[in-house]
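Work through the exercises below with the model open. Try each task before reading its solution.

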Amino acid sequence: MKNKYCRRSRITEVKFRKILDCFSKDLDTYLTAEISGISRQSISIIFQKLREQIAILLENEQSFSGEIEVDESYFGARRVRGKRGRGAGGKILVLGILKRGGKVYTQIIPRATKKNILPILRGKILEESTVHTDGWKSYDGLIDVNNFKHYRVYHSKDEFVRGKSHINGIESFWSFVKRRMRKQNGVRKDKFLLHLKEGEWRWNHRNDDLYKILLKELKKNPL
């Protein structure tokens, strides 16, 4: 059967569109299988391929400029007694960069150090942008990177907003993507990056028709 959206597929275009619509609406594999009449195993494979395609699309996103928020967040259910926040054990650390009113970019990093963070900011944020962070020491010297203007809020001193300086936007994104992952009863570590990138993509297109975007992309580049 011919299916211009999915190569070598035995699923008709009508049913594939239905599956794509379910994915766009963020339905899980169980409900999608029930709606489409396709096995959950097949749905899981298609969803995985869609996430892989989305991750490739995000590689072509442009650098950011203007008012930028930067923060890191830890993901993972496992907690180590006595360790919280930066340095918490058993968790995956993600750096996030958000343009106010615009898109977000995420990257997994091994540790929240200047050595790991500053090169990413230099590559993703254009010169003379205004960067807002918290008071973490790894952001020291940020004004020397691409002539950034750097403003901080010190959460350790219970300071969360100072004038126009805050990181509320990126923190809203962290809440959004963690809420999505919790809805799926957690995400396996080997699948984490693709789910993270899916959350990034959904946030970046939060005001768009996701179904139409995917349909247009898959017409050009079928699964």
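Two strands pair if DSSP finds at least two bridges between them. The model is predicted.

**Exercise 1. Pairing around S2**

Task: Find which residue stands opposite Lys99 in S2, and state in which sense S1 and S2 pair.

Solution:
- Start with the strands. S1 covers residues 67–75, and S1 and S2 pair in the antiparallel sense.
- Count the bridges. There are 8 between S1 and S2.
- Locate the partner. Ile68 is the residue opposite Lys99.
- Turn to S3, residues 104–108. S2 and S3 also run antiparallel, joined by 5 bridges.
- Pick out a facing pair here. Leu98 stands opposite Val104 in S3.
- Inspect the hairpin of S2 and S3. It has 4 residues between the strands. Gly101 takes a positive phi near 75° there.

**Exercise 2. Burial of S2**

Task: Decide whether strand S2 is largely enclosed or open, and say why.

Solution:
- Set the cut-off. Buried means under 20% relative accessible area.
- Apply it to S2, residues 92–99. Of its 8 residues, 7 are buried.
- Conclude. S2 is largely enclosed by the rest of the structure because 7 of the 8 residues are buried.

**Exercise 3. A side-chain pair across S4 and S5**

Task: Which side chain makes a polar contact with that of Thr133, and at what distance?

Solution:
- Place Thr133. It lies in strand S4, residues 130–134.
- Check its burial. Thr133 has 0% relative accessibility, so it counts as buried.
- Find the partner. The side chain of His150 makes the polar contact, at 2.8 Å.
- Place His150. It belongs to strand S5, residues 149–153.
- Check its burial too. His150 has a relative accessible area of 17% and is therefore buried.
- List the wider surroundings, leaving out residues up to four places away in sequence. Thr133 touches Val70, Tyr139, Leu142, His150, Tyr151, Arg152, Val153 and Ile167.
- Do likewise for His150. Its contacts are Val131, Thr133, Tyr139, Leu142 and Ile143, again without neighbours within four places.

**Exercise 4. The covered side of H7**

Task: Name the buried residues of H7, and find which helices are included in their cover.

Solution:
- Take helix H7, residues 210–220. Its buried residues are Leu210, Tyr211, Leu214, Leu215, Glu217 and Leu218.
- Recall the helix geometry. An α-helix has 3.6 residues a turn, so residues three or four places apart point the same way.
- Identify the cover. It includes helix H1 (13–24), helix H3 (40–58) and helix H6 (192–204).
- Look at the start of H7. A side-chain oxygen of Asp209 comes to within 3.1 Å of the backbone nitrogen of Tyr211.

**Exercise 5. The whole protein**

Task: Summarise the protein: how many helices and strands does it have, and what share of its residues is buried?

Solution:
- Count the elements. There are 7 helices and 5 strands.
- Read their order along the sequence: α-α-α-β-β-β-α-β-β-α-α-α.
- Take the extents. The C-alpha trace spans about 60 × 40 × 30 Å along its principal axes.
- Get the buried share. It is 46% of the 223 residues.
- Examine the contacts with a separation of 6 or more. Residues 24 or more positions apart account for 55% of them.
- Assess the surface. About 12,900 Å² is exposed, and carbon and sulfur atoms supply 49% of it.
- Finish with charge. The protein has 48 positive and 26 negative charges, and their mean positions are 5 Å apart.

Methods: Residues numbered from 1 in each chain as written. Predicted model: local features only at pLDDT ≥ 70, side-chain atom pairs only at ≥ 80, totals over all residues. Heavy atoms only, no water. Helix = DSSP H or I, 4+ residues; strand = E, 2+ residues; numbered from the N terminus. Buried < 20%, exposed > 50% of the residue type's maximum accessible area, 1.4 Å probe, protein only. Contact = heavy atoms within 4.5 Å. Areas by Shrake-Rupley, 256 points an atom, 1.4 Å probe, with all protein chains shown as cover. Lys, Arg positive; Asp, Glu negative; His and termini not counted. Charge placed at Lys NZ, Arg CZ, Asp CG, Glu CD. Polar contact = N/O pair within 3.5 Å; in protein donor to acceptor, adjacent residues only side chain to side chain.
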